[in-house]
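Visitor: I should like to learn how to read strands and charged pairs in a protein model. Could you guide me through an example?

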Amino acid sequence: MKLNTLITIICIASFSLPALAYEKEHEEHEAPHTNLSDAAIENAKLTLATASAQSIRVKQTIFGVIAPNNNNIVHIGAKYKGIVTSLKANIGDAIKAGQTLAVVENVTTGTAFEVISPISGEVTARFTNVGEVVEQKPLFEVLDPSSVWVELSAFPENIESLEEEQTTYVYDLHHHKTVEGTVSYISPQMTGGHIARALIELPNQSGHWRPGMHVKADVVTDSFNASLAINNDAVQRLEDNPVVFIKEGNRFEAREVELGRTDGEYTEVLSGIENGESYVVENSYLIKADILKQGAGHSD
């Protein structure tokens, strides 16, 4: 072989091999993706959203129980020592402010006087019977149920972020009803079980929230404007990393994202996608399944 020809071959090889190596490496590091036809996209019933700024309200979920509002409980007794001659109300009766609950005869003067409720509400206890001599003791307990308390069992990790006046959303455990309230009190002491009591005052005009009912509450512990956020339903995991599927035409690319704080509906995005990019929300798991299927096919 002539010397000039040998030199030419060596030069070509020295330029071609690095170029081929670069192309192979580029293919290996290409982001996982899949291409779907318009019909496949329609059949998959994919819904899309645009990555954008979002107001996020960080919540903590704490469980508790409904309790009477102590400010709405009255114990009603006789003004003077006397004999109960008549009872006008019983446990469970709904009464109005100014209504007569019992009639008592003064043992000293023989004059009858009425025992009257100072508030509207429901009779929750009766402590006397006709013919009984009463003096300086309650005859009835009346509860106004128009507002109640939620007694939350807050653990140390909850207490650190709880403050009075924070907005809360209370749910019954069957999700039949939700109501908004505010934290009105946080106990300065922990119980033996390392639990502190926190109170939420709730409106209860409907009477749905009955003392003894178990509930859960989402307490808003932080609120901020995220410069970029995504819907939580969009997040899937590939190789144990959180990803979002970005749509560019008929191409869906798995984009790894770094996530920040969340409110359970939206999550702050720290890196991985750009403002204005279109991403899959509902049925994003179908895109994941298609990408995994392609990967399995390539590994055969």
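**Reading a sheet and a salt-bridge network**

Guide: Please note that this is a predicted model. One open sheet has 4 strands in the order β8-β7-β5-β10, and their pairing is antiparallel. Strands β8 (112-116) and β10 (133-134) stand at the edges with a single partner strand each, so one side of each has no neighbour in the sheet.

Visitor: What joins strand β5 to β10?

Guide: In general, strands of a sheet pair through backbone hydrogen bonds, in a parallel or an antiparallel manner. Here, 2 bridges join β5 (residues 82-87) to β10, and the two run antiparallel. For G82, the bridge partner in β10 is V134.

Visitor: How many salt bridges does the model contain?

Guide: Side chains of opposite charge can pair when their charged atoms come close. The count here is 9 salt bridges. In one of them, the side chains of E253 and R255 meet at 2.9 Å, N to O. R255 also forms a salt bridge with E277, at 3.1 Å. That pair links distant parts of the chain, 22 residues apart: R255 lies in strand β19, and E277 in the loop between β21 (266-271) and β22 (278-280).

Visitor: Is R255 buried or exposed?

Guide: R255 counts as buried because its relative accessibility is 16%, which falls under the 20% cut-off. E277 is likewise buried, with a relative accessible area of 16%.

Visitor: Which residues do the shared salt bridges join into one network?

Guide: Salt bridges that share partners join R251, E253, R255 and E277.

Notes. Residues are numbered from 1 along each chain as its sequence is written. This is a predicted model: local features need pLDDT of at least 70, side-chain atom pairs count only at pLDDT 80 or more; totals for chains, interfaces and linings use all residues. Side-chain values use heavy atoms; hydrogens and water are left out. Buried means under 20% relative accessible area, exposed over 50%, partly exposed in between (1.4 Å probe, protein chains only). Two strands pair if DSSP finds at least two bridges between them. A salt bridge is a side-chain nitrogen of Lys or Arg within 4 Å of a carboxyl oxygen of Asp or Glu.
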